[in-house]
Amino acid sequence: MARVTTTTPAGPAGSAFVRACRGQDVPHTPVWFMRQAGRSLPEYRKIREGVGMLESCRRPELVTEITLQPVRRHGVDAAILFSDIVVPLAAAGIDLDIVAGTGPVIADPVRAREDLDRLRPITVADVSFVDEAVRLLVKELGATPLIGFAGAPFTLASYLVEGGPSRTYTRTKAMMYGAPQLWHDLCARLAEITLAFLRVQIDAGVSAVQLFDSWAGALSEADYRRYVLPHSASVLGGLATAGVPRIHFGVGTALLLPAMGEAGADVVGVDWRTPLDRAAATLGGRAVQGNLDPATLFAPWPVVEEQARRVLAEGRAAPGHVFNLGHGVLPETDPDVLTRLVDLVHTASAR
Ligand code: 1CP
């Protein structure tokens, strides 16, 4: 009897990364790192000298170079577009800056109904620099997949309402509970902008998208389902037929993982607090991404190796596993440890 073999398309669609996202067999577990481009790399610090963060996101040649740096250096299985989650908000008309050492700062926070008028829908013309950067990158990367991304409505709303980073999300929750219709209208607008922004990246050629709901872990499951899930679902559901895997990630989300999967993810990103086998058991057959604690990279190498092997073993419980950290690379991380970790993941997982 003839054996049925799945044909592997050439190029990014046949890469270990895309195949793992789809739960297909892979030659090795693919690996990339959230915030792999950034301050851990001396070549990044050098090229960013004297160029503000937002400005650097708007220069396609610079975006291309910064995005390629960690691919060249570490040999990761995927690149992630160098940008920031607030880039589409600036394109939509919000006056904001990304302040070094702080993060996004919003000049006039969104607190009342009339503030919604400052959030216009976006078209490709508003983010033409992203369209151009993705096209340049797809050419440069060849068979290496490029991940596009956006912030999810809750995480974006938290910056808009608080005015910047927050630890307690007091004003955000005050709006959610005290003015639920305003909250839902704000999130619906953000979902529309986010969906348009991801479509621009998909049309320009990204091979996967990641929706970052980094701060969703601040919510109970009940509140997440009521105030957040419908909006993230309208983003992810809007991409159901786009033909690229959808990754959905947040921090501190142990009890939210099933709901984040239900929002329409093919792959659920897991932070380091939840073992991947326990996550997989609640995810109804979805692939997982993660989840080495980024702080582990400051420990002696034998500890890094032991922990990475544990993550690989736990990841086998899921239909597909993309190795990553449980959150972004910390700026003080030794880049040589990241390179060594990529090699370890590849050799230890070779089938
Ligand atoms: O690997 C890469 O190249 C990553 C590119 C990238 C991504 C995916 C940047 C560049 N930002 C982001 C997404 C992002 N931005 C998220 C989601 C991911 C996550 O959870 O880490 C969030 C929450 C932001 C908001 C943001 N932008 C923060 C966090 C602030 C807070 O609330 O604590 C910060 C510090 C920034 C600035 C920023 N964005 C990116 C970089 C390299 C930097 C540092 C600034 C600089 O280099 O000048």
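Let us start at a loop: Glu332 sits between strand E9 (321-325) and helix H14. This residue counts as exposed because its C-beta atom has 9 C-beta neighbours inside 10 Å. Glu332 and Thr155 are 177 residues apart in sequence, and their C-alpha atoms are 25 Å apart in space. Please keep in mind as you look around that this is a predicted model.

**Around the ligand**

A shell of 20 residues surrounds the ligand, and the closest of them are Ala37, Gly103, Pro165, Phe212 and Ser214. Sorted by character, the shell holds 11 nonpolar, 6 polar and 3 charged residues.

**The nonpolar core**

In soluble globular proteins, nonpolar side chains tend to be buried together. Here the largest nonpolar core has 109 residues, and the members that touch the most others are Ile147, Val209, Val268 and Val288. The biggest contribution to this core comes from helix H9 (residues 180-204), which gives 11 residues.

Val288 is a good place to see what such contacts look like. Apart from its neighbours within four places in sequence, Val288 is in contact with Val267, Val268, Val270, Leu276, Ala279, Ala280, Leu283, Gly315, Ala318 and His321.

Helix H9 also carries Ala191, a residue that is buried because 22 other C-beta atoms lie within 10 Å of its own. Once the neighbours up to four places away in sequence are set aside, the contacts of Ala191 are Pro153, His231, Ser234 and Val235. From Ala191 to Ala233 the C-alpha distance is 8.9 Å, with the two positions 42 residues apart in sequence numbering.

Val228 belongs to helix H10 (residues 221-237). It is buried too, since 26 C-beta neighbours lie inside 10 Å. Beyond four places in sequence, Val228 touches Pro153, Phe154, Ala216 and Leu219. Pro153 therefore turns up among the contacts of both Val228 and Ala191. The C-alpha atoms of Val228 and Thr155 are separated by 9.7 Å, although the two are 73 residues apart along the chain.

**A closer look at helix H4**

Helix H4 (residues 60-74) has 15 residues. From its first C-alpha to its last, H4 reaches 22 Å, close to the 21 Å expected at 1.5 Å a residue. The helix bends by about 25° at Leu68, and a proline, Pro70, follows within four residues.

Much of what you will see along H4 concerns burial. The buried residues are Val63, Thr64, Glu65, Ile66, Thr67, Gln69, Pro70, Val71, Arg73 and His74. They pack against helix H2 (42-48), helix H3 (53-57), strand E1 (79-80), helix H6 (128-141) and helix H14 (335-349).

His74 is part of H4, and this residue counts as buried because it has 21 C-beta neighbours inside 10 Å. Leaving out residues within four places in sequence, His74 is in contact with Gln36, Leu338, Thr339 and Val342. His74 and Met176 are 102 residues apart along the chain, and 42 Å separates their C-alpha atoms. After H4 comes Gly75, which has a positive phi, near 70°.

**Backbone details worth a look**

Two residues that are not glycines have a positive phi: Arg35, at about 60°, and Tyr169, also at about 60°. Arg35 lies in the loop between helix H1 (16-21) and H2, while Tyr169 is in the loop between helix H7 (153-162) and helix H8 (170-178).

There is also a cis peptide bond, which joins Gly290 and Asn291 with an omega of about -5°. Asn291 is in strand E8 (residues 287-292).

**Burial side by side**

The table gathers neighbour counts for residues met in this report.

| Residue | C-beta neighbours within 10 Å | Class |
|---|---|---|
| Val228 | 26 | buried |
| Ala191 | 22 | buried |
| His74 | 21 | buried |
| Tyr169 | 18 | partly exposed |
| Arg35 | 17 | partly exposed |
| Glu332 | 9 | exposed |

Why does Tyr169 count as partly exposed? Its 18 other C-beta atoms within 10 Å fall between the two cut-offs, because a residue needs 20 or more to be buried and 12 or fewer to be exposed. The same reasoning covers Arg35, which is partly exposed because it has 17 such neighbours.

Key
Residues numbered from 1 in each chain as written. Predicted model: local features only at pLDDT ≥ 70, side-chain atom pairs only at ≥ 80, totals over all residues. Near = placed C-beta within 6 Å. Nonpolar A, V, L, I, M, F, W, Y, C, P; charged D, E, K, R; others polar. Core = buried A, V, L, I, M, F, W, Y, C linked by C-beta atoms within 7 Å. Helix = DSSP H or I, 4+ residues; strand = E, 2+ residues; numbered from the N terminus. Contact = placed C-beta atoms within 7 Å. Expected span 1.5 Å × (residues − 1). Bend = angle between axes of the 7 residues up to and from the residue.
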